[in-house]
Structures are given as structure tokens and as C-alpha cells.
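Please walk through the fold of this protein in questions and answers, from its overall pattern to its cysteines.

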Amino acid sequence: YALRSAGDDEHPGLGCDDPEAEWRIDLRHYHKCILVTVLERLRLPPGALLLDWGSGCGHKSSWAASLYGLDVLGVDIVADSVRWAEENSIGSYCEVDGRFLSWLPEEHFDGVISY
């Protein structure tokens, strides 16, 4: 997992700074469109708490916060992505294996996104 955004010899990734690093092409406009569609359907009020499971670099969390006024907690297993999100994205981020979130209170979040 730690090398997910690092790429390989044939396809070197540049991490969160390069929109093409992880997927080899820039998919931000598709991800933003999906997020807007999901959040329009969820109808969460400003200030609602959203869990971004597998938040990566925090782009979707930043859009949710800036476009909809949501408070976002992003969780991801990749330390470099979490570190970048903490420094460059809106929201709070935690490096954790998303399979083990029992430490979070049940019914704590108003919504969850993961894609």
C-alpha cells in the first residue's frame, strides 16, 4: 500500500502533487462529478460529519467541505497520502487500516463516501 502512489519503473507516479500519479490520467473531473451527484442525493446539511473512507490525498474531502460546508474525516492506509492531505486539503485525516474502525462511535457520521 505504501507505494500505491509511487508508481513503478515503467509508470513513475509523483504522489498527490500530480493529478495523474495514481491513475496515470487525470480523473479529478470525474471524481468531482460523482461526489456532487452523491452529495446532492444525500442532502446533508452544512456542518454534517462525513467519513471519507479511503480518502487518499483528500481531494474529495476538500470538495465536500468547500462546496457543501461539510466537516470531513478522511481515513486512509497510505501514510504519504494522509500526510499530504493533512498539509494541503480541507478536513481531518487519519492513517488507519479502514477495516478496523471500531474505535469510532456508532452512528457518529451523517454520511460516508468511498470511491
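Q: What pattern does the protein follow when read along the sequence?
A: In this predicted model, local features need pLDDT of at least 70, side-chain atom pairs count only at pLDDT 80 or more, and totals for chains, interfaces and linings use all residues. Residues are numbered from 1 along each chain as its sequence is written, and side-chain values use heavy atoms, with hydrogens and water left out. The secondary structure comes to 3 helices and 4 strands, where helices (H or I, at least four residues) and strands (E, at least two) are DSSP runs numbered from the N terminus. Along the sequence these elements give the pattern α-β-α-β-α-β-β.

Q: In what order do the 4 strands form the open sheet?
A: Two strands pair if DSSP finds at least two bridges between them, and the pairing in this sheet is parallel. Strand β1 (residues 49–53) is joined to β4 by 3 bridges, one bridge pairing Leu-50 with Gly-111 in β4. The edge strands, each pairing on one side only, are β3 (92–95) and β4 (111–113). The order across the open sheet is β3-β2-β1-β4.

Q: What angle does the direction of helix α3 make with that of β3?
A: Axes are lines fitted to C-alpha atoms, for helices over the stretch in contact, and angles run from 0 to 180 degrees between N-to-C directions. Helix α3 (residues 79–88) packs on the sheet, where it touches β2 (71–76) and β3, contact meaning heavy atoms within 4.5 Å. The angle between the directions of α3 and β3 is about 165 degrees.

Q: Why is α2 described as largely enclosed by the rest of the structure?
A: A residue is buried under 20% relative accessible area, exposed over 50% and partly exposed in between (1.4 Å probe, protein chains only). The buried residues of α2, among them Trp-63 and Tyr-68, pack against α1, β1, β2, β3 and β4. Helix α2 is largely enclosed because its buried residues number 7 of 10.

Q: Over the face of which residue does Lys-60 lie?
A: Lys-60 is one of the buried residues of α2. A charge sits over a ring if NZ of Lys or CZ of Arg is within 6 Å of the ring centre and within 35 degrees of the ring normal. At 4.9 Å from the ring centre, Lys-60 lies over the face of Tyr-115.

Q: Which parts does the disulfide between Cys-16 and Cys-57 tie together, and how many residues apart are they in sequence?
A: A disulfide is a pair of cysteine sulfur atoms within 2.5 Å, and Cys-16 and Cys-57 are joined with an S to S distance of 1.9 Å. Cys-16 lies in the segment before α1 (28–42), whereas Cys-57 lies in the loop between β1 and α2 (59–68). The disulfide therefore ties together parts that are 41 residues apart in sequence.

Q: Is the disulfide of Cys-16 and Cys-57 left-handed or right-handed?
A: Cys-16 is buried, with a relative accessible area of 10%, and Cys-57 is buried at 9%. The torsion about their S-S bond is about -75 degrees, so the disulfide is left-handed.

Q: Is Cys-33 buried or partly exposed?
A: The disulfide count comes to 1, and the pair is Cys-16 with Cys-57. Cys-94 has a relative accessible area of 24% and is partly exposed. With 49% relative accessibility, Cys-33 counts as partly exposed.
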